[in-house]
Amino acid sequence: MFAYIVRRLALMLVTLIGISIIIFVLLRVVPGNIVDILFDAAGFVDPTDKANLEKELGLDLPIWQQYLNWIGGLLRGDLGYSYVSEKPALDEILPRIPITARLAALALLFSASIGIPLGVISAVHQGSKLDYTLRLVSLSGLSLPSFWLGLLVLMASVSLFGAMPIYNPNPKTWTEAFAIYAVPAMAVGFRSAALTMRITRSSMLEILRQDYIRTARAKGASESSVNYRHALKNAILPVITVIGIEAAFLIGGLIVTETVFNIPGVARFLVEALRWRDYPIVQNLVMLIAVVVVVANFTVDMLYAAIDPRIRYGD
Amino acid sequence: MRSVHALAAAALLLLPAYDVASAAEPKQGGILRMYHRDSPGSASIHEGATYSVNIPFMPVFNNLVIFKQDVPQNSVESIVPDLAESWAWSADNKKLTFKLRQGVKWHDGKPFTSADVKCTFDMLMGKSQQKFRQNPRKSWYDQVSDVTVNGDFEASFELKRPQPALLSLLASGYTPVYPCHVSPGDMRTKPVGTGPFKFVEFKANESIKLTKNTDYWKKGLPHLDGIEFTIITNRSTAILGFVSDKFDMTFPTEVSIPLLKEVKTQAPKAVCVVEPINVATNIIVNSSSPPFDNLDIRRALALSLDRKAFIQIMFEGQADIGGTMLPAPGGLWAMPKEMMESIPGYGPDINANRDEARKLMQKAGYGPDKRLAVKVATRNIPIYRDPAVILIDQLKSIYIDGELDVVDTAQWFPKVARKDYTLGLNLTGNAVDDPDQSFYENYSCGSERNYTNYCNREIEKLFDQQSAETDKEKRRKLVWEIDKKLQEDVARPIIFHGRSGTCWHPYVKGVTIMVNSSYNGYRYEDVWMDK
């Protein structure tokens with residue numbers, strides 16, 4: 001197991017280096033940089049001014065040198081400066097992380113707490129009206145785009161309550177605090193909950209057909225003990241995998257949700273930084289997301305090993 | 001067209017009604033909450049080229065002179081002193097001297113003097129050691145040879161030749177006076193001004209906060225305790241925020257006509273006005289290469305346009321037809337209607353215009369069996385893309401098959417600069433309703449914003465002639481002549497001049513939306529809230 005962990009950690013490092021190169025190159029392949037964008041808004045201005053600004057930002061350097069400067073800075077803990085705000089990139093990114101982390105955690109919590117029980121119920125009552133209803137709900141969850149669902153929630157809040165759950169850094173009441181994160185988390189977590197439910201259902205159905213379940217029933221175990229102690233414990237593995245993968249892919253939904261609900265988190269910031277071609281922000285944020293994804297995958301693998309003693313990866 | 005003008009006139013007539021409503025004694029206090037349509041790249045007005053910068057940061061500053069903020073139409077007559085107490089032209093109209101206000105302090109407590117005026121304009125003219133990152137309005141000061149000071153409270157602009165328009169340019173929201181003791185870099189992130197509101201905070205993509213300058217040199221002003229802008233890029237979310245009372249006011253001139261209906265349905269008590277924004281939607285033609293190097297094809301293009309159809313589809317009839325200068329009644333320099341309709345393509349009989357266009361196309365070798373295929377380049381933004389689609393549809397009637405070529409914003413001007421386009425759909429905003437701003441920037445030989453490289457030495461002479469003309473009526477007639485000639489030359493066919501809406505809740509008082517500029521009316525010192 002120890003050797004496996006070391007090997008996985010080494011692979012993580014290689015993956016991150018690969019990602020850093022890919023994102024760096026891709027960003028520069030996209031036409032236009034911040035100087036183009038700033039000068040675009042002004043129409044044409046003096047080409048000398050343009051060249052001076054490119055030099056000031058280091059955009060005139062060869063790409064390999066720009067890359068080494070960035071990586072060197074990262075190793076020293078210096079993430080550079082935002083081209084737009086001219087503030088240290090770290091100061092721009094750090095305050096936004098907890099906002100997105102809270103939203104993502106709530107979305108995952110919502111997804112697991114809704115998706116797993118409903119998946120179990122659906123599987124246990126396979127073929128019933130309840131099963132069909134739940135399957136319809138999960139299908140709609142997978143089909144509805146986050147931006148549409150988010151806007152729908154906002155419009156409903158405004159027309160029903162005359163208020164909207166829009167971000168406020170200093171909420172005055174508990175309900176306001178709840179609405180700030182919980183409502184958008186539900187909007188973003190709905191798709192994930194639907195997926196979790198479908199996976200739980202199919203995984204449960206597979207397990208419920210196994211011999212040892214029949215044996216448990218034959219030995220007189222109660223229905224709830226069979227479903228939850230015997231079946232769910234074994235059916236949960238693929239669900240954990242899906243939740244892990246969803247954690248990684250949640251960023252896509254968060255971008256839309258943070259934009260619609262105007263939450264100043266990392267995801268919306270990333271989109272804005274991309275619009276401005278604010279390289280230091282985009283590079284560092286993508287690296288941060290890559291680290292989250294890689295660590296999430298690593299954690300899922302470790303959980304696999306912990307939950308299922310049969311999995312020991314080369315031990 | 002008559003109905004469009006009638007609508008505009010009605011909108012103008014409605015404005016005094018709001019003034020009457022706000023004529024009560026202003027109440028003090030309150031934070032005005034607005035949304036901002038996007039995150040401005042910087043807080044530095046001099047380096048900006050969009051009113052996304054002027055709207056939140058103009059309240060931080062003062063100009064030497066300013067267009068009176070409660071008069072909707074900017075004109076020389078509405079210019080009032082600001083940091084200058086008075087001004088005077090020399091007898092030969094080549095020197096403009098300002099007597100400056102004494103006792104004014106910057107927000108950091110340092111005194112304002114004539115040195116600040118000199119260093120601001122030296123930087124704008126590119127004469128000082130400190131440089132702006134970008135200086136988009138450098139050409140405004142082409143005729144200024146020097147800015148001189150006489151003591152701490154007098155500054156003079158020495159001109160190469162008379163230029164009466166200089167005063168209007170100085171009155172624009174784009175022309176605040178900067179402090180000498182703060183670097184251009186700091187002005188981008190922590191601007192210091194002398195204005196009614198002090199800068200508090202600018203969080204990119206999040207918010208901009210201003211607080212009342214309790215030491216403002218205009219006693220009793222401002223009325224508000226502060227202004228907060230919440231940056232919301234999603235327009236639907238922003239409008240929902242307004243109708244659910246999260247905001248007291250929308251971002252000025254950013255509510256489209258279809259959205260306006262939605263606002264009025266959901267917030268029926270909201271006060272909404274629709275005004276011209278002095279932004280012309282136009283066609284840029286690459287006349288340096290085939291096929292548009294052929295004047296016949298360019299003329300056919302101009303003749304094919306059904307401007308009313310554009311306006312009907314995009315603005316439900318609420319936009320204006322005109323030449324380069326903003327149409328009346330908002331615009332001060334618009335050609336008379338009869339003169340405009342004598343320009344090819346502006347006549348009311350669209351079918352006759354298109355018959356003539358087809359003949360010109362056939363003369364150039366095109367027809368029903370040999371259609372001309374062109375790409376119509378434009379930015380990937382609805383206000384650009386939508387009219388480009390209509391244009392393509394209209395071009396079909398004169399044997400031209402257009403294909404939409406959407407370009408990423410970052411690539412739009414570099415592409416145009418490389419002349420890597422055949423036909424393009426473009427928007428041109430004018431900060432000041434004055435021919436000097438529009439003609440020199442967009443049509444003079446070698447100007448960086450002259451995207452089509454139009455160059456006509458005869459017209460250049462007329463540009464200078466009108467610019468130096470001190471008799472306003474004579475100047476106006478010259479301007480009409482120039483504008484007509486520009487349209488006849490198909491220099492940059494103007495399709496329409498857009499209008500847009502602004503809404504606020506009835507308790508917000510003292511708001512004036514300018515009718516001939518989107519850049520000059522955001523000082524907010526007169527705004528107050530009746531709540």
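How many salt bridges are there between chain A and chain B? Notes below; keep in mind that this is a predicted model.

1. The salt bridges first. The count between chain A and chain B is 4. One of them pairs Arg277(A) with Asp408(B), and the closest N and O atoms there sit 2.6 Å apart. Polar contacts between chain A and chain B come to 9 residue pairs, both partners being at pLDDT 80 or more.

2. Now the chain A side of the interface. Five helices each put in at least two residues that touch chain B: α2 (34–41), α3 (47–56), α8 (146–161), α11 (223–260) and α12 (266–275). The most comes from α2(A), with 6 residues. By residue type, this side of chain A splits into 24 nonpolar, 6 polar and 12 charged.

3. On extent, 42 residues of chain A are in contact with 42 residues of chain B. People often quote interface size as the accessible area lost when the parts come together. Here, the area buried between chain A and chain B is about 3,600 Å², and carbon and sulfur atoms give 54% of that.

4. On to the disulfides: there are 3 over all chains. If you number the bonded cysteines of chain B in sequence order, they pair up as 1-2, 3-6, 4-5.

5. Take Cys119(B) and Cys180(B), whose sulfur atoms are 2.1 Å apart. This link is left-handed, with -125° about the S-S bond. Cys119(B) sits in helix α3 (residues 114–124) of chain B, while Cys180(B) is in the loop between α4 (166–170) and α5 (184–189), 61 residues apart. Cys180(B) counts as partly exposed because its relative accessible area is 30%, which falls between the 20% and 50% cut-offs.

6. Cys272(B) and Cys503(B) are also joined, with 2.1 Å between the sulfur atoms. The S-S torsion is about 110°, so this disulfide is right-handed. Since Cys272(B) is in strand β11 (residues 271–285) and Cys503(B) in strand β15 (residues 494–504), the pair ties together parts of chain B that are 231 residues apart in sequence. Buried or exposed? Both Cys272(B) and Cys503(B) are buried.

7. Last comes Cys445(B) with Cys455(B), S to S 2.0 Å. Its torsion is about 100°, so it is right-handed. Both cysteines lie in the loop between α14 (435–443) and α15 (457–468) of chain B, 10 residues apart. Cys445(B) has 17% relative accessibility and so counts as buried, whereas Cys455(B), at 41%, counts as partly exposed.

Conventions
Residues numbered from 1 in each chain as written. Chains lettered and ligands numbered in written order. Predicted model: local features only at pLDDT ≥ 70, side-chain atom pairs only at ≥ 80, totals over all residues. Heavy atoms only, no water. Contact = heavy atoms within 4.5 Å. Buried area = accessible area lost by both parts, 1.4 Å probe. Salt bridge = Lys/Arg side-chain N within 4 Å of Asp/Glu carboxyl O. Polar contact = N/O pair within 3.5 Å; in protein donor to acceptor, adjacent residues only side chain to side chain. Helix = DSSP H or I, 4+ residues; strand = E, 2+ residues; numbered from the N terminus. Nonpolar A, V, L, I, M, F, W, Y, C, P; charged D, E, K, R; others polar. Disulfide = S-S within 2.5 Å. Buried < 20%, exposed > 50% of the residue type's maximum accessible area, 1.4 Å probe, protein only.
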